[in-house]
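Reader: I'm new to this one. Could you show it to me and let me quiz you on the words you use?

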Amino acid sequence: MGLLSGLLGNASTIDPAQLADELEPILAAEESIEVAFKVIRDQFIFTNARLLLIDKQGLTGKKVEYLSIPYKAITRFSVETAGHFDLDAELKVWVSGASEPVSKTLRGADNVTEIQKALATAVLAVQ
């Protein structure tokens with residue numbers, strides 16, 4: 001994935017080793033990053049225990065929201081791929097105890113299937 005693709009909002013992969021130092025303060029002792037994706041400034045991090053959605057906010061990106069979803073809490077999920085006229089793809093994750101899904105928009109079709117595969121692998125391994 002190139003710079004232009006990232007600026008357009010397409011999901012690009014991130015080397016887990018590159019994130020290890022940055023996320024070390026919030027990862028559990030035995031938790032490791034399996035696969036990671038970046039959409040503009042937001043990140044989708046799949047660890048061996050949870051899905052971590054990182055939303056960098058504001059102009060500088062200093063304000064950051066970390067949404068942690070343990071795989072065992074995910075009841076179902078859907079990934080809608082982009083079409084010819086609708087260029088947005090969408091990820092929805094339903095969490096037990098919540099009536100509405102967590103929803104994230106991805107622009108373009110790049111790596112949408114890889115995100116779905118990572119989520120399926122993680123969620124189905126827990127069950």
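Reader: What makes the 22 residues a nonpolar core?
Author: A nonpolar core is a set of buried Ala, Val, Leu, Ile, Met, Phe, Trp, Tyr and Cys residues joined through side-chain atoms within 4.5 Å, and buried means under 20% relative accessible area with a 1.4 Å probe, protein chains only. The largest such set here has 22 residues, so it goes by that name. Phe44, Phe46, Leu51, Val93 and Leu119 have the most contacts inside it. Keep in mind that this is a predicted model: local features need pLDDT of at least 70, side-chain atom pairs count only at pLDDT 80 or more, and totals for chains, interfaces and linings use all residues. Residues are numbered from 1 along each chain as its sequence is written, and side-chain values use heavy atoms, leaving out hydrogens and water.

Reader: Which elements give two or more residues to this core?
Author: They are β2 (33-39), β3 (42-47), β4 (50-57), β6 (74-80), β7 (88-95) and α3 (112-126). α3 gives the most, with six residues. Those labels come from DSSP runs, numbered from the N terminus: helices are H or I with at least four residues, strands are E with at least two.

Reader: What does Val93 touch?
Author: Leaving aside residues up to four places away in sequence, Val93 touches Leu51, Ile69, Ile74, Arg76, Phe77, Pro101, Val102 and Leu119. Contact here means heavy atoms within 4.5 Å. There's also a second, separate core of nine residues, including Leu19 and Ile54.

Reader: How do you know that β3 and β4 pair?
Author: Two strands pair if DSSP finds at least two bridges between them. Four bridges join β3 to β4, so they qualify, and they run antiparallel. Within this pair, Ile45 stands opposite Leu52 in β4. β2 and β3 pair in the antiparallel sense too, over six bridges, and Val35 stands opposite Phe46 in β3. Three bridges join β1 to β2, also antiparallel.

Reader: Why are β1 and β5 said to stand at the edges?
Author: The open sheet has five strands in the order β1-β2-β3-β4-β5. β1 (12-14) and β5 (63-70) each have a single partner strand, so one side of each is left without a neighbour in the sheet.

Reader: What packs on the sheet?
Author: Helix α2 (residues 16-23) does, touching β1, β2, β3, β4 and β5. The direction of α2 makes about 90 degrees with that of β2; axes are lines fitted to C-alpha atoms, for helices over the stretch in contact, and angles run from 0 to 180 degrees between N-to-C directions.

How values were computed
Buried < 20%, exposed > 50% of the residue type's maximum accessible area, 1.4 Å probe, protein only.
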